[in-house]
Amino acid sequence: MKPYTKDHNGDPCSVINGRLDGLFFSTAVDSQTNIPLPCSPFGPLRLHISARFLFQPNLHLYFADFYCHYKVHYVTVILTRKDSTADNFCKERLKELDIHDNPFVYLKKSEAFNDIIVCHSSGLRIEVLYTEALNIRKIINKRKGHFNWVPVIGRGESRPNGIPKNENCTICNL
């Protein structure tokens, strides 16, 4: 999978819109079962990738956006390889988050391995924009990911330019 240019979804003033390439991953899970939501607004074929595969200690994490589309609020964070072009872009323009301690998604160190903790609720979804290309065949062969078919909700695809945020929200319009 090759990164593509970020559309204008979310806050229209976000510095990453139309300027940063990446792959979007949703961390949305059912708050009771902790498994991915059963339906997808992005099409019928879902790619699951182990968060441990993406979240590595040698990466930087940045806060990029906070917005809503009337019902659910979204936080967009960016995961970059240190000293990459994307990392340098983000370093100059965005708030860096501690990859081990932040209120959204982080690596929790333990003796055996790193756990990925996603802080979510029924009203907040965390999106991760991963700025590197991914070799899907390698991910599947190493059993770090898989595909499955899911029911589609809504349009089943994003709009060509994205969806602007709700301008009337008193929570995400500061």
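Which residue in β9 is the bridge partner of Phe 25? In this predicted model, the partner of Phe 25 in β9 is Val 128, and that pairing is a convenient place from which to enter the sheet. Strands β2 and β9 run antiparallel and are joined by four bridges. Strands of a sheet pair through backbone hydrogen bonds, either parallel or antiparallel. Both arrangements can be found here, since the six strands form an open sheet whose pairing is mixed, in the order β1-β2-β9-β5-β4-β6. At the edges of this sheet stand β1 and β6 (95-97), each of which pairs on one side only.

Following the order from the β1 edge, one meets an antiparallel pair, β1 and β2, held by two bridges, with Thr 5 standing opposite Asp 21 in β2. After β2 and β9, the next step is from β9 to β5, where the strands, residues 124-130 and residues 73-81, run parallel and are joined by seven bridges; within this pair, Thr 76 stands opposite Glu 127 in β9. From β5 the sheet continues to β4, with nine bridges joining these two antiparallel strands, and here Leu 61 is placed opposite Leu 79 in β5. Strand β5 is mostly covered, in that eight of its nine residues are buried.

The connection between β4 and β5 deserves a look of its own. These two strands form a hairpin with four residues between them, and in that hairpin Tyr 70 takes a positive phi near 85°. Tyr 70, which lies in the loop between β4 (59-68) and β5, is exposed, because its relative accessible area is 63% and the cut-off for exposed is over 50%. Another residue other than glycine with a positive phi is Arg 143, for which the value is near 60°. Arg 143 is found in the loop between α3 (136-141) and β10, and this residue is likewise exposed, with a relative accessible area of 76%.

Turning to side chains, a search of the whole structure finds two aromatic pairs. One of them is formed by Tyr 67 and Tyr 74, whose rings are stacked, with 5.3 Å from centre to centre and 15° between the planes. In contrast to the exposed Tyr 70, both Tyr 67 and Tyr 74 are buried.

Charged side chains give a further set of contacts. Side chains of opposite charge can pair when their charged atoms come close. The structure holds six salt bridges, among them one between Asp 11 and Lys 165, in which the closest N and O atoms are 2.9 Å apart. Asp 11 lies in the loop between β1 (4-5) and β2 (21-26), whereas Lys 165 lies in the segment after β10 (145-149), so this pair ties together parts that are 154 residues apart in sequence. Both Asp 11 and Lys 165 are buried. Another salt bridge joins the side chains of Asp 7 and Lys 6, at 3.5 Å from N to O, and these two residues are buried as well.

Helix α2 offers a local example of such pairing. Asp 87 and Lys 91 form a salt bridge whose closest N and O atoms are 3.4 Å apart, and because the two residues are four apart in helix α2 (residues 85-93), about one helical turn separates them. Their surroundings are not alike: Asp 87 counts as buried because its relative accessibility is 0%, while Lys 91 is partly exposed, with a relative accessible area of 40%. The contact also belongs to a network of salt bridges that links Asp 83, Asp 87 and Lys 91.

The salt-bridged residues Asp 11 and Lys 165 appear again in the lining of the second largest pocket, which has a volume of about 160 Å³. Alongside Asp 11 and Lys 165, the residues that line this pocket are Cys 13, Ser 14, Phe 63, Ala 64, Asp 65, Phe 66, Cys 172 and Leu 174. Sorted by class, the lining has six nonpolar, one polar and three charged residues.

Methods. Residues are numbered from 1 along each chain as its sequence is written. This is a predicted model: local features need pLDDT of at least 70, side-chain atom pairs count only at pLDDT 80 or more; totals for chains, interfaces and linings use all residues. Side-chain values use heavy atoms; hydrogens and water are left out. Rings of Phe, Tyr and Trp (its six-membered ring) pair if their centres lie within 6.5 Å; planes under 30 degrees apart count as stacked, over 60 as edge-to-face and the rest as tilted. Buried means under 20% relative accessible area, exposed over 50%, partly exposed in between (1.4 Å probe, protein chains only). A salt bridge is a side-chain nitrogen of Lys or Arg within 4 Å of a carboxyl oxygen of Asp or Glu. On a 1 Å grid over the protein atoms alone, a cavity is a set of points where a 1.4 Å probe fits but cannot get out, and a pocket is an open set with protein on both sides within 12 Å along at least five of seven lines; lining residues have an atom within 4 Å of a point. Grid points are joined across faces, edges and corners, and a volume is the space filled by probe spheres set on the points. Ala, Val, Leu, Ile, Met, Phe, Trp, Tyr, Cys and Pro count as nonpolar, Asp, Glu, Lys and Arg as charged, and the others, Gly among them, as polar. Two strands pair if DSSP finds at least two bridges between them.
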